[in-house]
Amino acid sequence: MSLLAVENLVVRHGLLQAVRGVSFSIERGQTLALVGANGAGKTTLLRAIAGAHQPTAGRVLWDGADITGVPSHKRVGMGVALVPEGRKLFVQMTVEENLLLGKTAGRPGDWSVERVLDTFPNLKPRRHAKTGHLSGGEQQATAIGRALMSNPELLLLDEVSLGLSPLVVDRVYASLQGLISSGTTIILVEQDLNRALSVSDKVICMLEGRVALEGPSKGISRDEVTKAYFGLHRKSAASVPA
Ligand code: ATP
C-alpha cells in the first residue's frame, strides 16, 4: 500500500483553481520531485497534503486511510511534516528552541537536537544563536531540522534552495542525501531540474494546476521535462509509467 496517495485533488484560492484534479502516489522510502513553472500549483499541492489548505474536491489517503479532513497539527502527529517556502522560523528564538518546537506536535522517535546538529554540522556552533541572525543556509537547515524533530514518515520540502548560494545548496542537498539514504520518504519542490532529477526516484511536472508529466526520474530526459514545463509535451504520447 502506498504511504501517500492523492486522488483527483482540487484546491482553490477563492475563484482560482490552483490544483486541478491531481492524482499520484508515493511509496515508503521514495523521493518524489515536484517541478513546474511559477504558479503551477506546487506549493498549494504540498500545503494540501500537509493539511494547511483544505481541498474542495478529491481525497488524500495516508496508508490507505482518508485524511482529507484531518487538520495539519494532527497530520504532524501522523508523520507528515512540511518545511514551508520561506522557512517561517521564530527569529527571536535560538536554533535549539526552534528545533524543540518541532518536538511538541510530533511523534516518538530517534530525532533529537543532537542528531539534527550531526546531520547539519554547520548548525553546531550556532545552537544558541537567534535564528534571525543566521545565514540563509543555516536558517534552511534549522527549518528542515525542526520538521525532522517531529520524526516524520513523510517530509515535504518546498524550494529549500530558494535564495541560497550554489555552494550552500550543495551543502543542504548533501545533508538531504543522508536522509534519503536512511529511507525517509520525501516530496520536494525544486526549481533546478538537474538537481530534481538526480536526487529523486520519481518526478512530476505540473503545468497550470495539472500533472503534465509523471515518471521515474532515471527514465525521463531533461528535455522531456522541459517540454512539459512549458506545455509542449503530449502527455498521452510520451509519459513514462511510474
Ligand atoms: P511558485 O514556484 O511561484 O511558488 P507554485 O507552483 O508553488 O509557484 P502556487 O504558489 O501553488 O504555485 O500558486 C498556484 C496559483 O495559485 C498561482 O496562480 C498563484 O498566484 C495562486 N495563489 C497562490 N497562493 C495564493 C493565495 N494565497 N491567494 C490567492 N492566490 C494564490
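These legends go with close-up views of a predicted model.

**View 1. The ligand in its pocket.** Here we look at where the ligand ends up, which is the second largest pocket. Around the ligand are 14 residues, and Gly39, Gly41, Lys42, Thr43 and Thr44 come nearest. By type, the shell splits into 7 polar, 4 nonpolar and 3 charged residues.

**View 2. Side chains that reach ligand oxygens.** Zoom in on Thr44 and you'll find an N or O atom of its side chain 2.5 Å from an oxygen atom of the ligand. For the side chain of Lys42, the matching distance to a ligand oxygen is 2.7 Å. Gln191 joins in too, with a side-chain N or O atom 3.5 Å from an oxygen of the ligand. On its own the ligand has 630 Å² of accessible area, and the protein covers 59% of that.

**View 3. Helix H1 and strand S2 beside the ligand.** Helix H1 (42-50) and strand S2 (16-26) each give at least two residues to the shell around the ligand. H1 makes the largest contribution, with 3 residues.

**View 4. The hairpin of S1 and S2.** Strand S1 (residues 4-13) runs antiparallel to S2, and 8 bridges link the pair. His13 has Leu16 of S2 as its bridge partner. Just 2 residues sit between the strands of this hairpin, where Gly14 takes a positive phi near 60°.

**View 5. S1 with strand S4.** S1 also pairs with strand S4 (residues 57-62), again in the antiparallel sense, over 5 bridges. Look for Leu4 here: its bridge partner in S4 is Trp62.

How values were computed
Residues are numbered from 1 along each chain as its sequence is written. This is a predicted model: local features need pLDDT of at least 70, side-chain atom pairs count only at pLDDT 80 or more; totals for chains, interfaces and linings use all residues. Side-chain values use heavy atoms; hydrogens and water are left out. A residue is near a molecule or strand if one of its heavy atoms lies within 4 Å of it. A polar contact is a pair of N or O atoms within 3.5 Å; within protein, one must be able to donate a hydrogen and the other to accept it, and residues adjacent in sequence count only if both atoms are side-chain atoms. Accessible areas come from the Shrake-Rupley method with a 1.4 Å probe; for residues, only the protein chains shown count as cover. On a 1 Å grid over the protein atoms alone, a cavity is a set of points where a 1.4 Å probe fits but cannot get out, and a pocket is an open set with protein on both sides within 12 Å along at least five of seven lines; lining residues have an atom within 4 Å of a point. A molecule sits in a cavity or pocket if more than half of its atoms lie within 2 Å of its grid points. Helices (H or I, at least four residues) and strands (E, at least two) are DSSP runs, numbered from the N terminus. Ala, Val, Leu, Ile, Met, Phe, Trp, Tyr, Cys and Pro count as nonpolar, Asp, Glu, Lys and Arg as charged, and the others, Gly among them, as polar. Two strands pair if DSSP finds at least two bridges between them.
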